[in-house]
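Welcome! Open your viewer, get comfortable, and follow along one selection at a time.

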Amino acid sequence: MKLSALALLCATQLTLVSAASQNTKRHFHVAHNNRRQAPTPSSSASSSSSSSSSSSSAASHVTTTTTTSVAVVTPPSVTIVSAATGTAAPPLSQITMGMPTRVPPVVTASFAVGASAPISGAPALPTHFVFQMNQWPQEDHIPDTNSPEVQEWLKELDGFNIPNLTPTTDGSCAGDIEAAAQAAQRGWWTCGGYTRSTDIVACPDKLTWGVSFDDGPGPYTQNLLDYLKTKNISATFFVVGSRVIERPNVLIEEYMAGHEISVHTWSHKPLTSLTNEQIVAELGWTRKAIRQVLGVTPTTMRPPFGDIDDRVRAISLAMGMVPIMWTRTPSGGVFDTNDWRVAAGQATGTQSFQTFQTILNNASTIDTGFIVLQHDVHEITVDLAVGYTLDAALTHNPPFNLKAIGQCTNTPATDMYFETTKNTTFPYSNRTTVDVDGDGKSETTKGAGKGNGAALTQSSILTVLFGAVVAASSSLILF
Ligand SMILES: [Zn+2]
């Protein structure tokens, strides 16, 4: 796939699928070490499997999950630097694709069934999640849209005007010239950074960094959680459904530690390229997985690769999920740590970090705070976060204030989940029940105060959706 600079953010990651799989065929031991890299569903899955088989670690029900859902591979020869685990990151100059890997941290369940949730009014921790393959879509694949669950969730779109936009070819500008030419009208973020007033795109307060981590829970997420705890920082985790069912214990650790949990789809495909039914399936299954593990249902989502347009927005909002992006300035600057580029072998840790320091310096010159893209699904990206990027923000002059996105936008913690929100305007719907399980029975009840405000009608959602274009630019992105 030929890429333009504008398409890099999403399309480059997509191209890596084939590159990574070729690596796997030729030199699997290299590919295994490269699990620090490939930000692709297939490699994530194989790395999970490898991790489980090569260590005594990770959540106990993970092993079963991964080995039943990914191709069986011969255990690779793993270069292990040290059996010790912890949050200490390697020297920056050593952080690069193919660097030796370390044993993932052991995640033990520290919270019992029935433990009190950290959110006021949220249900206690439910019975431990037990993976049953026949109850879930295939990991990292777009779920079947004919399932009873998806058919049930499609009813949530009733009464909402979903823009009749043809799905894009592959979610990239270069891959769909026709759609790219209509990017402004489509509100397509990927091509020009178009956003709508319903998108959360920045923290309002100057020098405030909205901390977020995508694509996990991963084998090394616990290292990140340990670091965040020592610094007393809360973050927002945009989790992939296929990873949630692999590492439910890690999700519990995130949630119970006070971090925010948000939906990042089931298979991590560019949503503008999917049909309405497929988008509903991607969001619905992830929402269901999170609720089964935590007992709560997020009211926010982030589209993979930031690939959103007015059709994806309308579907997300109709399902009660507010889109959260990462900040992109009018001049085209993107608050991307580029950690995924290092994991993908497109940059060294040193190069990535130098670029990011430039962004940080620029950040102190804008009038608002900002939301930053980082990833917790790979060892490399966790190393960059705990060793470098977060410290750089904390020690910057002037220092940045690091907060979870709900916190930095002054969103009450209770608004972040269906079960606890009492807000009648967030997530822009007054629906009082949602059938998260998709079994035809609405079992989720929102907070007592919910539903007394104005409904988000077709006309009002259109007004919201087609309001101000917050950040539109035809400039090239930085990377
Ligand atoms: Zn992602």
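Is helix α15 mostly covered or mostly uncovered? Select residues 379-395 to find out; keep in mind that this is a predicted model. The helix is mostly covered, with 13 of its 17 residues buried. Now look along α15 for a kink of about 45 degrees, centred on alanine 385. Next, check the helix from end to end: at 1.5 Å a residue, its 17 residues should span 24 Å, and the end C-alpha atoms are 23 Å apart, so the two values agree.

Stay with glutamate 379 and add asparagine 223 to your selection. Their C-alpha atoms are separated by 9.2 Å, although the two residues are 156 residues apart along the chain. Asparagine 223 sits in helix α8, residues 221-231. This asparagine counts as buried because 25 other C-beta atoms lie within 10 Å, and 20 or more is the cut-off.

Time for some strands. Select β2 (residues 236-239) together with β3: they pair in the parallel sense over four bridges. One pair to pick out is phenylalanine 237 and its bridge partner in β3, isoleucine 261. Within β3, residues 260-263, Glu260 and Ser262 point one way while Ile261 and Val263 point the other, and all are buried. In a regular strand, side chains alternate between the two faces of the sheet.

Finish in the largest nonpolar core, which has 104 residues; Leu251 and Ile371 touch the most other members. Helix α11 (residues 276-294) gives the most to this core, nine residues. Centre on isoleucine 371 and look for its contacts beyond four places in sequence, among them Val201, Met325, Trp326, Phe335 and Ile405.

Technical notes:
Residues numbered from 1 in each chain as written. Predicted model: local features only at pLDDT ≥ 70, side-chain atom pairs only at ≥ 80, totals over all residues. Buried ≥ 20, exposed ≤ 12 C-beta atoms within 10 Å, placed from the backbone. Helix = DSSP H or I, 4+ residues; strand = E, 2+ residues; numbered from the N terminus. Pairing = 2+ DSSP bridges. Expected span 1.5 Å × (residues − 1). Bend = angle between axes of the 7 residues up to and from the residue. Core = buried A, V, L, I, M, F, W, Y, C linked by C-beta atoms within 7 Å. Contact = placed C-beta atoms within 7 Å.
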